[in-house]
Amino acid sequence: MKNFYSAADVADIERLVDQVIALKDQGLRTTATQGPGSGKRMLLLFFNSSLRTRLSTEIAARSLGMEVISMDMGQSWKWEITPGVVMSADSAEHIRDAAQVISSYVDIVGIRCFPTLQDRAADKRDALIKTFIRHADVPVVNLESAQLHPLQSLTDMATIRAHFAEKVPRIVLSWAPHPKALPHAVAQSFLQWAGAMQWQVTITHPDGYALPEDYTRGHHYEPDQRKALTDADVVYLKNWSSHDPYGQVLNTDPDWMMTTEKMALTNQGLCMHCMPIRRNVVATDEVLDSDCCIMYEQAAMREQAAQVVLQELLKDTGS
Ligand code: CP
């Protein structure tokens, strides 16, 4: 594997998912000094906040023996992304130069870069991470970009598969209320990876929240949330902002919040969320603190997912 930007970078998704589950089942908690990453460096660039992705990726890299450096990019030079531009405005460094310099220092780079939620065309291009990948000489891991969050999705697939080894589960992606305009990456990525697993997802959301066809193709839309939830095995909760008009909060109706009454419609379904989660807005405390909610298990699996991805990338860095 050369980079980990999307599901398309993975030759065999089911094998990767099974590797994550196997690593989790081993239950090992190691800090390797002689692992496959020994003598290698990983740089994590954060243009946005993170708790789970930052910790799990740092821990995974260290477990493989890598040296890890994390940078909050709010403290660094502002990067220019547009090619051929006269750099007389704010940006002090072009991304093509930064990518080349960084490639001379480290062996793998991780990047978190959220969308603007203002310019749909620019966000769709996912320009920052894609331009960095184009100019870097080392593998790049997507730590959540404007479009996709593949480490989260790999974790989500492994968490579901760990519970449903013998059956194809009935999965619902249910939009949830949120006071702020949030990115689309988790929901879009979830649909992309579920599709790659040959799992058809039922998507339910209010008017104005349709996701792009690139991601919904092969899945099913049901506008009535209660109908969608009926007999579901897995309920994946997530807010995202509107696509048309772009990047806005059009609906905060608490009737879309997950409740025990709605979970009772499911087939004793499991409730998932990528976290962070706003309690009593996205779902009630009663749901989140019940046995049906597996979001802590899901968050814990982020470590094994990151480790498996880094192991695959290290194979291509000559270790
Ligand atoms: N789910 C997730 O990516 O969490 P963080 O934003 O805390 O990294």
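Rings of Phe, Tyr and Trp (for Trp, the six-membered ring) pair if their centres lie within 6.5 Å; planes under 30 degrees apart count as stacked, over 60 as edge-to-face and the rest as tilted. The structure is a predicted model, in which local features need pLDDT of at least 70 and side-chain atom pairs count only at pLDDT 80 or more, while totals for chains, interfaces and linings use all residues. Residues are numbered from 1 along each chain as its sequence is written, and side-chain values use heavy atoms, with hydrogens and water left out.

**Exercise 1. State how many aromatic pairs the rule yields, and classify the pair of phenylalanine 47 and tryptophan 79.**

Step 1. The count comes to 6 aromatic pairs.

Step 2. The ring centres of phenylalanine 47 and tryptophan 79 are 5.5 Å apart and the planes stand at 65°, so this pair is edge-to-face.

Step 3. Phenylalanine 47 belongs to the loop between strand 1 and helix 2, and tryptophan 79 to strand 3 (residues 79-80), so the pair ties together parts 32 residues apart in sequence. Helices (H or I, at least four residues) and strands (E, at least two) are DSSP runs, numbered from the N terminus.

Step 4. Buried means under 20% relative accessible area, exposed over 50%, and partly exposed in between (1.4 Å probe, protein chains only). Phenylalanine 47, at 29%, is partly exposed, whereas tryptophan 79, at 10%, is buried.

Step 5. Ring pairs also link Phe47, Trp79 and Phe132 into a cluster.

**Exercise 2. Classify the pair of tryptophan 175 and tyrosine 209, and locate both residues.**

Step 1. With 4.6 Å centre to centre and 45° between the planes, the pair is tilted.

Step 2. Tryptophan 175 lies in strand 7 (residues 171-175) and tyrosine 209 in the loop between strand 8 (201-204) and helix 8 (213-216), so parts 34 residues apart in sequence are tied together.

Step 3. Tryptophan 175 is buried at 0% relative accessible area, and tyrosine 209 is buried at 1%.

**Exercise 3. Describe the surroundings of strand 1 (residues 41-46).**

Step 1. Of the 6 residues in strand 1, 5 are buried.

Step 2. Strands pair if DSSP finds at least two bridges between them. Strand 1 runs parallel to strand 2 (residues 67-72), joined by 6 bridges, and leucine 43 has isoleucine 69 as its bridge partner.

Step 3. Strand 1 also pairs in the parallel sense with strand 5 (residues 108-112) over 5 bridges; there leucine 44 stands opposite glycine 110.
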